[in-house]
Amino acid sequence: MATCPFCSRQVEPTDRHIYQRVVGWEKHRSRGGTNAIALREVRQEWAHAYCVDRAKRGHLGQTGIG
Ligand SMILES: [Zn+2]
C-alpha cells in the first residue's frame with residue numbers, strides 16, 4: 001500500500017485507476033513535438049488517476065508543488 005502524494009490517502013498499486021511515477025531524461029527540442037524519454041525509470045510511487053488528472057488541469061499543485 002502506498003500513499004497518494006496529492007490527496008495523502010492510500011493507493012492500491014494493483015488498482016487500475018492509478019498512475020505510477022516515472023522519471024527520465026528528455027531531449028531538448030526547439031520545436032516541441034512528442035516527448036521521447038530516455039533512460040526511463042519507474043519509481044515505487046503511485047497516485048490516483050483522478051488526482052493526477054485534476055493536477056494536470058491545474059486544480060491542484062498551486063500551493064507550491066511543481
Ligand atoms: Zn489521490
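**Exercise 1. In which loop is C7 found?**

Solution. Before we start, a word on the model: this is a predicted model, in which local features need pLDDT of at least 70, side-chain atom pairs count only at pLDDT 80 or more, and totals for chains, interfaces and linings use all residues. Residues are numbered from 1 along each chain as its sequence is written.

Step 1: we need the elements, where helices (H or I, at least four residues) and strands (E, at least two) are DSSP runs, numbered from the N terminus. Step 2: C7 sits in the loop that links strand 1 (2-3) with strand 2 (10-11).

**Exercise 2. Describe the fold of the protein chain in terms of its helix and strands.**

Solution. Step 1: count the elements, and you find four strands and one helix. Step 2: put them in sequence order, which gives the pattern β-β-β-β-α.

**Exercise 3. Work out how C7 is placed among its neighbours.**

Solution. Step 1: recall the cut-offs. A residue is buried if 20 or more other C-beta atoms lie within 10 Å of its own, exposed if 12 or fewer, and partly exposed in between, with C-beta atoms placed from the backbone. Step 2: C7 is partly exposed because 14 other C-beta atoms lie within 10 Å. Step 3: look for contacts, meaning two residues whose C-beta atoms, placed from the backbone, lie within 7 Å. Leaving out residues up to four places away in sequence, C7 touches H48 and C51. Step 4: check C51 along the chain and in space. C7 and C51 are 44 residues apart along the chain, and their C-alpha atoms are separated by 7.2 Å.

**Exercise 4. Find out how strand 3 pairs and how well it is covered.**

Solution. Step 1: two strands pair if DSSP finds at least two bridges between them. Step 2: strand 3 and strand 4 (residues 37-48) run antiparallel and are joined by seven bridges. As one example, W25 has A38 in strand 4 as its bridge partner. Step 3: for cover, go through the nine residues of strand 3 (residues 18-26); the count of buried residues is zero, so the strand is hardly covered. Step 4: for the whole picture, 8% of the 66 residues of the protein chain count as buried.

**Exercise 5. Compare the settings of S8 and L39, starting from their phi values.**

Solution. Step 1: S8 is not a glycine, yet its phi is positive, at about 65°. L39 is not a glycine either, and has a positive phi of about 50°. Step 2: S8 belongs to the loop between strand 1 and strand 2, whereas L39 is part of strand 4. Step 3: S8 counts as exposed because it has 8 C-beta neighbours inside 10 Å. L39 counts as exposed because it, too, has 8 C-beta neighbours inside 10 Å.

**Exercise 6. Which residues does A49 touch, not counting residues up to four places away in sequence?**

Solution. Step 1: locate A49 in helix 1 (residues 49-56). Step 2: A49 counts as partly exposed because it has 14 C-beta neighbours inside 10 Å. Step 3: with that sequence limit applied, A49 touches H17, I18 and Y19. Step 4: add a distance. A49 and Q20 are 29 residues apart along the chain, with their C-alpha atoms separated by 9.2 Å.
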